[in-house]
Amino acid sequence: MNATITDFVGETPVTAVSRVEDYIRTHSFDRPTLVIDTQAVAGQFRALRAGLGRADIHYAVKANPAPEVIETLIALGGHFDAASRAEIELCLGLGAAPETVSFGNTIKRPSDIAFAYRAGVRLFAADAEEELEKLAEHAPGANVYIRIIVDATEADWPLSRKFGCGRDKAVALAKMAVELGLNPIGLSFHVGSQTRRAEMWTPVLDQVAAVWAAVREAGIELTLLNIGGGFPAFYGEDIDHPTTYAARVMELVAERFGDVPHIMAEPGRGLVAEAGMIAAEVLLVSKKSDLDTYRWVYLDIGKFSGLAETMDEAIRYQFITDRDHEDTGACILAGPSCDSADVLYEKRPVQLPVGLRAGDRIIIRACGAYTSTYASVGFNGFPPLDVIAI
């Protein structure tokens with residue numbers, strides 16, 4: 001099914017589509033602007049929580065750090081996965097309790113570890129000996145989870161190499177943590193961003209379960225399983241309702257790990273993507289040659305101003321125009337910058353109205369995640385993506 005983010009006020013559903021699209025259609029923008037619906041974020045949080053049950057939801061702040069989003073999740077009892085000192089300061093400054101924040105980046109500056117520890121954060125990720133040494137020095141006695149690399153992911157955007165240690169190294173790192181006076185309480189992994197079906201988790205969970213058993217056999221009692229992110233958003237291919245999806249993931253976890261005392265999940269995209277849309281504008285429609293099959297459509301937003309996830313055409317955004325009642329044709333979509341890499345979709349052209357012209361409004365759906373945080377400060381002088389929360 002096409003899972004639309006929905007919150008409920010009494011008996012009336014309020015959808016992100018109606019609120020955000022209506023806002024964009026009734027306002028003018030002088031630059032590309034992300035409009036994010038905090039009611040929709042709240043609705044998605046509740047839907048995921050209903051499926052995840054006893055698992056703590058640590059929102060991946062990097063997906064969208066808008067203060068209004070963080071405040072919404074704090075009010076709902078959400079926890080947070082922070083990747084930097086700035087994200088920790090943001091969450092704590094808005095009222096999050098330090099015990100609800102984990103420092104989930106495995107590559108941390110020593111002074112940032114010390115800051116987080118002084119601020120009361122006690123949960124940290126690690127995947128290497130030197131990271132454990134830094135934690136032992138600057139966060140003595142802290143709780144640590146070891147992140148491991150997983151293979152065979154079926155995610156649209158696999159995250160398999162930069163973060164995590166090989167599965168053969170997990171036991172040694174857990175033992176080292178004990179020797180350094182740290183408390184290795186669990187394991188973490190990431191199944192890959194945009195894992196569209198819950199069943200795709202099966203081979204990954206099998207791998208992690210084997211490592212879990214090996215660490216416990218080495219005499220280290222594990223109490224925390226961090227299942228990371230991977231919860232999907234709708235980009236044109238059907239996905240399950242978030243509650244159904246999350247509940248099935250928890251079933252798969254229970255089948256392999258039994259009654260783990262503490263489970264945490266780190267949704268980012270799955271919480272905020274569908275709650276936001278970008279208001280953009282067509283700058284030019286052209287053909288390079290009269291013999292060309294496809295038109296080129298240039299927007300006032302591109303890879304360097306918020307749409308970085310179009311890299312390798314991994315994330316396929318959906319578009320709304322005022323001409324959607326007209327005939328459509330295939331086109332190559334590109335951004336405005338003077339960089340030849342700033343082409344969004346060329347291998348798989350997109351269908352847009354034939355009558356599209358410069359100055360036409362175009363709305364990009366499901367942009368609440370990984371857009372404002374990817375926007376450059378001003379590459380080629382184009383302004384960074386503006387953000388409005390409603």
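Select arginine 256 to begin, a residue that is partly exposed because its relative accessible area is 25%, a value that lies between the 20% and 50% limits of that class. Like everything else on this tour, arginine 256 is viewed here in a predicted model.

**The shared-partner network**

With arginine 256 still selected, add glutamate 255, since the two residues form a salt bridge in which the closest N and O atoms are 3.2 Å apart. This pair belongs to a wider arrangement, for salt bridges that share partners join Glu199, Asp206, Arg248, Glu251, Glu255 and Arg256 into one network. Now bring in arginine 248, whose side chain meets that of glutamate 255 in a salt bridge of 3.7 Å, N to O. Glutamate 255 itself is exposed, because its relative accessible area is 55%, while arginine 248 counts as partly exposed because its value is 24%.

**A pair within helix 1**

How many salt bridges does a search of the whole structure find? The total is 21, and a useful one to visit next joins the side chains of arginine 25 and glutamate 21, at 3.0 Å from N to O. Select both residues together with helix 1, which spans residues 16-25; because arginine 25 and glutamate 21 are four residues apart in this helix, about one helical turn separates them. Side chains of opposite charge can pair when their charged atoms come close. The two partners fall into separate accessibility classes: arginine 25 is partly exposed, because its relative accessibility is 31%, whereas glutamate 21 counts as buried, because its relative accessibility is 15%.

**Aspartate 127, without a salt bridge**

Move next to aspartate 127, which sits in the loop between strand 7 (123-126) and helix 6 (129-138). Which side chain of opposite charge is nearest to aspartate 127? It is that of arginine 147, 6.3 Å away, and aspartate 127 is buried yet has no salt bridge; the distance rules one out with this partner, because a salt bridge requires the side-chain nitrogen and the carboxyl oxygen to be within 4 Å. Display the polar partners instead: the side chain of aspartate 127 makes a polar contact of 3.2 Å with the side chain of threonine 106, and it also reaches the backbone nitrogen of glycine 164 at 2.8 Å. If residues up to four places away in sequence are set aside, the residues that aspartate 127 touches are Thr106, Arg147, Phe163, Gly164, Cys165 and Leu173.

**Strand 3 and its two neighbours**

Select residues 33-36, which make up strand 3, and look at each face in turn: Thr33 and Val35 lie on one side, Leu34 and Ile36 lie on the other, and all of them are buried, so that both faces are covered. Then add strand 12 (residues 276-286), which runs antiparallel to strand 3 and is joined to it by four bridges; within this pairing, valine 35 stands opposite methionine 277. Strand 18 (residues 386-389) is also joined to strand 3 by four bridges, but these two strands run parallel, and here isoleucine 36 stands opposite alanine 389.

**A final stop at glycine 181**

Finish at glycine 181, in the loop between helix 7 (170-179) and strand 9 (183-188). This residue counts as partly exposed because its relative accessibility is 42%. Select glycine 141 as well and display the C-alpha atoms of the two glycines, which are 5.6 Å apart in space although the residues are 40 apart in sequence.

Notes: Residues numbered from 1 in each chain as written. Predicted model: local features only at pLDDT ≥ 70, side-chain atom pairs only at ≥ 80, totals over all residues. Heavy atoms only, no water. Buried < 20%, exposed > 50% of the residue type's maximum accessible area, 1.4 Å probe, protein only. Lys, Arg positive; Asp, Glu negative; His and termini not counted. Polar contact = N/O pair within 3.5 Å; in protein donor to acceptor, adjacent residues only side chain to side chain. Contact = heavy atoms within 4.5 Å. Pairing = 2+ DSSP bridges.
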